[in-house]
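User: I am new to this structure and would like to learn how to read it one feature at a time. Could you give me the general idea each time, and then the case at hand?

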4 protein chains.
Amino acid sequence: MIKVGIVGGTGYTGVELLRILATHPEAQLTAITSRKEDGLPVADMYPSLRGRVPLAFSSPDKANLNDCDVVFFATPHGVAMAQTPELLAAGVKVIDLAADFRLKDVAQFQQWYGIPHTCPDVLHEAVYGLPELNREAIKSARVIGNPGCYPTTMQLGFYPLLKAGIIDASNLIADCKSGVSGAGRKAEIGILFSEASDNFKAYAVAGHRHVPETVEQLQKMCAAPVNLIFTPHLVPMIRGMHSTLYAKLTTEISNEALQELFESTYRDEQFVDVMPFGSHPETRSTRGSNMLRIALHRPANGATLIVLVVQDNLMKGAAGQAVQCMNLMFGLQENCGLTHVPLLP
Amino acid sequence: MIKVGIVGGTGYTGVELLRILATHPEAQLTAITSRKEDGLPVADMYPSLRGRVPLAFSSPDKANLNDCDVVFFATPHGVAMAQTPELLAAGVKVIDLAADFRLKDVAQFQQWYGIPHTCPDVLHEAVYGLPELNREAIKSARVIGNPGCYPTTMQLGFYPLLKAGIIDASNLIADCKSGVSGAGRKAEIGILFSEASDNFKAYAVAGHRHVPETVEQLQKMCAAPVNLIFTPHLVPMIRGMHSTLYAKLTTEISNEALQELFESTYRDEQFVDVMPFGSHPETRSTRGSNMLRIALHRPANGATLIVLVVQDNLMKGAAGQAVQCMNLMFGLQENCGLTHVPLLP
Amino acid sequence: MIKVGIVGGTGYTGVELLRILATHPEAQLTAITSRKEDGLPVADMYPSLRGRVPLAFSSPDKANLNDCDVVFFATPHGVAMAQTPELLAAGVKVIDLAADFRLKDVAQFQQWYGIPHTCPDVLHEAVYGLPELNREAIKSARVIGNPGCYPTTMQLGFYPLLKAGIIDASNLIADCKSGVSGAGRKAEIGILFSEASDNFKAYAVAGHRHVPETVEQLQKMCAAPVNLIFTPHLVPMIRGMHSTLYAKLTTEISNEALQELFESTYRDEQFVDVMPFGSHPETRSTRGSNMLRIALHRPANGATLIVLVVQDNLMKGAAGQAVQCMNLMFGLQENCGLTHVPLLP
Amino acid sequence: MIKVGIVGGTGYTGVELLRILATHPEAQLTAITSRKEDGLPVADMYPSLRGRVPLAFSSPDKANLNDCDVVFFATPHGVAMAQTPELLAAGVKVIDLAADFRLKDVAQFQQWYGIPHTCPDVLHEAVYGLPELNREAIKSARVIGNPGCYPTTMQLGFYPLLKAGIIDASNLIADCKSGVSGAGRKAEIGILFSEASDNFKAYAVAGHRHVPETVEQLQKMCAAPVNLIFTPHLVPMIRGMHSTLYAKLTTEISNEALQELFESTYRDEQFVDVMPFGSHPETRSTRGSNMLRIALHRPANGATLIVLVVQDNLMKGAAGQAVQCMNLMFGLQENCGLTHVPLLP
């Protein structure tokens, strides 16, 4: 059994990790830290876990994280990089669900997150945890920067096209929509039920932290310079993410060939489902599962290709993907503990 | 034109007052105070009011509330009683939407609200602002304690029965359900979208502040001692309140007579709608309006009578009722500025 | 492996059965019938099941239900009783999720469901499938009448009290609230998103089919005649059921003793969670799982006891409970395939 | 008083017309037809209208529509064109909220709506009812084709740019999101609460009827051939529409000049609100009102301009706009009866 620690388990990615790990056959949760909630049984904060997670939160100094095999950070940006060097020295692997190990470019990191990076050497070693595009590196990694939720959909949606060199990389548009849980479990007015319900809006159109991460990764897929317009929106639903991606084809290609390109790219992937051409994937078809679904559209058979991508932002977009990485790092079946069937309705 | 001031207009009852007053033909908003938002145009906080409410918030010291004809307090408990004596001295009438002037019993006030009452003489003079039960007193009042949302439904639902002396006053049950806006516009975890959506729960079953207020008022309607079980629940909707009231009949009486009792009681009321016997009123049938609807049920024609009551908690349950009181206090038509048709769907 | 057939898998209890069975380690779905959808892959109707349920719907004549070990009926009332005698003759066990085998009193059945019962002998043999109250009979049953969703909460909530003889059985009130999926997957105006969202209402207050079923079962728990007032309400959420039960205590008893009564009654139950006295269980704490949670309240330590009960109406209220019965009938661990951790948020 | 008739008032645009007309100071509803609901009081179907709309539905043969001054058609496509010639002959003006008089090109009409146009001469005379772009023609029109909801947002969003000739008309993308009421009040599985809630999806990406209408109108604004990619999505909210429009600038132009272009274009419009550059308009800021709000964004000051447009799909997107047209046709103030303040929260 893999001994697992969680730092900062009071947020939504934290409780989602707990939900997954509670039934993971090869992992055992041994410590979960929260400075503020020291001593509080996890199930008192999350009654959904009554009888399923017997642990209590403990303050970081009491939790013996160094005895874990792997520690997940479900914390605000900046926490993981402060603690990772010591954990690595103790032989503990680290998976950070925040952004500390996502951006290779430290200047970009400082610009977008407003703090200097405190361990650039660890960052240099860290592996970007998107298994479908980076599986081998993840297997041998000691430190994982788990991808952002939006970037996961944009990368898996654009990848076959950029790789094949058949779209204009300088003209990518991603019109993305996220459920409210993506904003985290924070006491903020804007995500109150009475504010976010029965409402729809765009946000952060002027610039969102997921842009530099996505562009850095997309740029690896092609030689031409990538330019990305990214427009996030808030949907009155708890979970779910829907990205509507627009790309301009630069080659003559049939719809069948486009479909085949996607199907062959993801044929062996357990968590990527390429639906029939012209499908309309629904976010709920992934609810509570680690699946990501993709469908292609080409209005009037013109030059604009539309790629629709859906996932559960807390699963494939966060905690599920992190466990998928853990499985790879410890030589387990990639879908171990991740076989949840989506909850519908 | 009546000159109106609002203290504390940043919450949901505040913005609802603004919505009503923006089209009220006989009232003009002249000041709105907020210590924190001094100088901020109201429409910057609430874009729904762009072009409709040209005022900015001002700090209390700058706003000349003494020049108003009436001031509404849409503030936390305790604020109104601190400022009311000075306003009264300046000839300004006061309508408090919080609890400062609801409970005549100061000991009860202190017990339930945790602060001593600072102006018991004003409290003594204050009138409980439920127009259907207290119209004449409201007309000549200088200070109004505007009823709580739940108490409004319980009083109007039980009143005809208690008055007629045909139910057991010592055995009243009110199983009530409120939309989330009833909890106010506060940055609290429990009312986040991701917490309150797709969920249902009871809360404060051990004791809620609306109990003493309701019992004090119900007790006026009958000689027998009133005993009330009150169970509030949180519904994943923005606005709306549904009270399911249970009473034991103590007399032989036909359903027709019961229906006639309610219809005759409220025949002349513009904001109370007695629906046909056996109806199922929906909260949305009152959304955005000052209407309260009532329907009677009597399962198996037995001794238990069920009274269903719905209203919009921010309107008849708060701001609408306050303006209804204002209209009475200033000799206007009672429905002046309150003719909104419910928004459905 | 148990060979499982499903009749009528296109509704919400049907797809929930599919979700459970897709990961059940001891059961294998071998046939799923739908006259209308003959030939349609299940995953085409429910994309959430893509890659998880490889079957297609087949018309009843093609499906070899007689080869199954057990057949679930997730059909409208009347279908199961038409097909059960033949299945029994072929040695197939039957679990009906509709009402055909719930009511022992055929006159009551005919009165409430409007059709005569076509196999009263099978009905006589049928076992009411509430494992916590009827475990031994279920183990050896050939035919199960799976309880209604509301009745499950009312029975498990009132049972310890009626059994102990400490409440007035003639004065029970159940104020119940259900998510919209309880109304099924039918094209009806009243359950459209634009009708049911941001709204709350009672329905069927004059009489609901779950009353006779519940009373028949409650009556078994005590000698005194049971009288039940049942008021169902519709909550704008997909899944979840919250029952607020009111009972009058007829004995002096401490809150500790009441709590102990419930805890000892359900100590060995894996799917009944008695929460600490005074808790407020949330429906979402059971979402997608087979758990039912109970909490006690006693306002002002008076004679009225409030029992709060929550469950997922599609799981413990329907499909989960049916699989729990199947597990018992086939000698499996009772929680086999039912270890889902609730999905929160 | 203008005598108003409504054909087909049982849907959502119909009840919204009723809500508006109930408080319109210059219009009187004199007839409302429904073949199916003949004799049913309108308030029995819509309790929100109890006491506000005293009329009953009547079958078309009984309703004297010829006595009206104007008749609104809130019917499926095809109904208005069948009845309009007779009404015109009787001197009655017609406003069709469906598509019968939107598309000037009858071949396009037949292609997209699957029926031939039965009165092309009336179509030729009909005026497209978008007041901001077509005010003078509307004033003297006898027949109005009221715009679709999506087309209203796309036209008002792209118009200043196309008119000024500063974007590439052949490369327009409209990623649009609508509340569920846009699908109408029809008993269909896909818009059930349990299907549409907590979910997000695109639909009709391969081709939507609002494309030809929009292109026909956009083409009037510029010489260059218009090409439009239109992707509609379904949002789990009742009302509200959010269009995210992408255009490529073809000229050097400052953000200030872009903002000024929009502000000057709509300076005198009562129902178009150009918000400050970089704002994120929320759909709820228009809920229940006839307002449409626009905001501009320009990521990284590049060549892609984003125009965000929000409206209430039942108001400015349907019934509100229709009444705005009626006001113009009868020489009333354009905002007569349309002064609703948006309902927020």
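Analyst: Let us begin with the vocabulary of secondary structure: helices (H or I, at least four residues) and strands (E, at least two) are DSSP runs, numbered from the N terminus. In this predicted model, local features need pLDDT of at least 70 and side-chain atom pairs count only at pLDDT 80 or more, while totals for chains, interfaces and linings use all residues. Residues are numbered from 1 along each chain as its sequence is written, chains are lettered from A and ligands numbered from 1 in the order in which they are written, and side-chain values use heavy atoms, with hydrogens and water left out. Over residues 3-141 of chain A, the chain is 35% helix and 16% strand, and the C-alpha atoms at the two ends are 17 Å apart.

User: Which feature does UniProt place at residues 3-141 of chain A?

Analyst: UniProt positions are given in the numbering used here, feature names are shortened, and annotations may be inferred rather than shown by experiment. With that caution, the record, an unreviewed entry, gives "domain: Semialdehyde dehydrogenase NAD-binding" for this stretch.

User: Into which domains is chain A divided?

Analyst: Domain bounds come from an automatic or database domain assignment, and here they give domain 1 (2-125) and domain 2 (150-313) of chain A. The C-alpha centres of these two domains lie 27 Å apart. Contact means heavy atoms within 4.5 Å, and by that criterion 15 residues of domain 1 of chain A are in contact with 13 residues of domain 2 of chain A.

User: What relates chain A to chain B?

Analyst: In general, two copies of a chain are related by a rotation about an axis and a shift along it. Copies are superposed by least squares on the C-alpha atoms of residues with pLDDT of at least 70 in both. Here a turn of 180 degrees, with a shift of 0.0 Å along the axis, lays chain A on chain B with an RMSD of 0.0 Å, which is the relation of a two-fold axis. The same surface serves both copies, since 100% of the contact residues of chain A recur in chain B.

User: How should I read a sheet, and in what order do the 7 strands of the open sheet in chain B come?

Analyst: Two strands pair if DSSP finds at least two bridges between them. The open sheet of chain B has the order S8-S9-S7-S10-S13-S12-S11, with mixed pairing, and its edge strands, S8 (201-202) and S11 (272-274), each pair on one side only. Helix H10 (residues 255-265) of chain B packs on the sheet, touching S11, S12 (292-297) and S13 (304-311) of chain B. Within the sheet, S7 (residues 172-179) and S10 (residues 241-248) of chain B pair in the antiparallel sense over 6 bridges, and B:Asp175 stands opposite B:Thr244 in S10(B). S10(B) also runs antiparallel to S13(B), joined to it by 8 bridges, where B:Tyr246 has B:Ile306 as its bridge partner.

User: Which residues of S10(B) point one way, and which the other way?

Analyst: In a regular strand the side chains alternate between the two faces of the sheet. In S10(B), B:Met241, B:Ser243, B:Leu245 and B:Ala247 point one way, and B:His242, B:Thr244, B:Tyr246 and B:Lys248 the other way. Buried means under 20% relative accessible area, exposed over 50%, and partly exposed in between (1.4 Å probe, protein chains only). Because 8 of the 8 residues of S10(B) are buried, the strand is largely enclosed by the rest of the structure.

User: Is C:Arg19 buried or exposed?

Analyst: C:Arg19, which has its place in helix H1 (residues 12-21) of chain C, is buried, with a relative accessible area of 6%. Leaving aside neighbours within four places in sequence, the contacts of C:Arg19 include A:Val341, A:Pro342 and A:Leu343 from chain A, as well as C:Arg239. C:Arg19 and C:Arg239 are 220 residues apart in sequence and 15 Å apart in space, C-alpha to C-alpha.

User: What is the phi of A:Asp198, and what is that of A:Ala300?

Analyst: A:Asp198 has a positive phi of about 50 degrees although it is not a glycine, and A:Ala300, also a residue other than glycine, has a positive phi near 55 degrees. A:Asp198 lies in the loop between helix H8 (193-196) and strand S8 (201-202) of chain A and is buried, at 8% relative accessible area. A:Ala300 is found in the loop between strand S12 (292-297) and strand S13 (304-311) of chain A, and counts as exposed at 76% relative accessibility.

Terms used: Axes fitted to C-alpha atoms, helices over the stretch in contact; angles between N-to-C directions.
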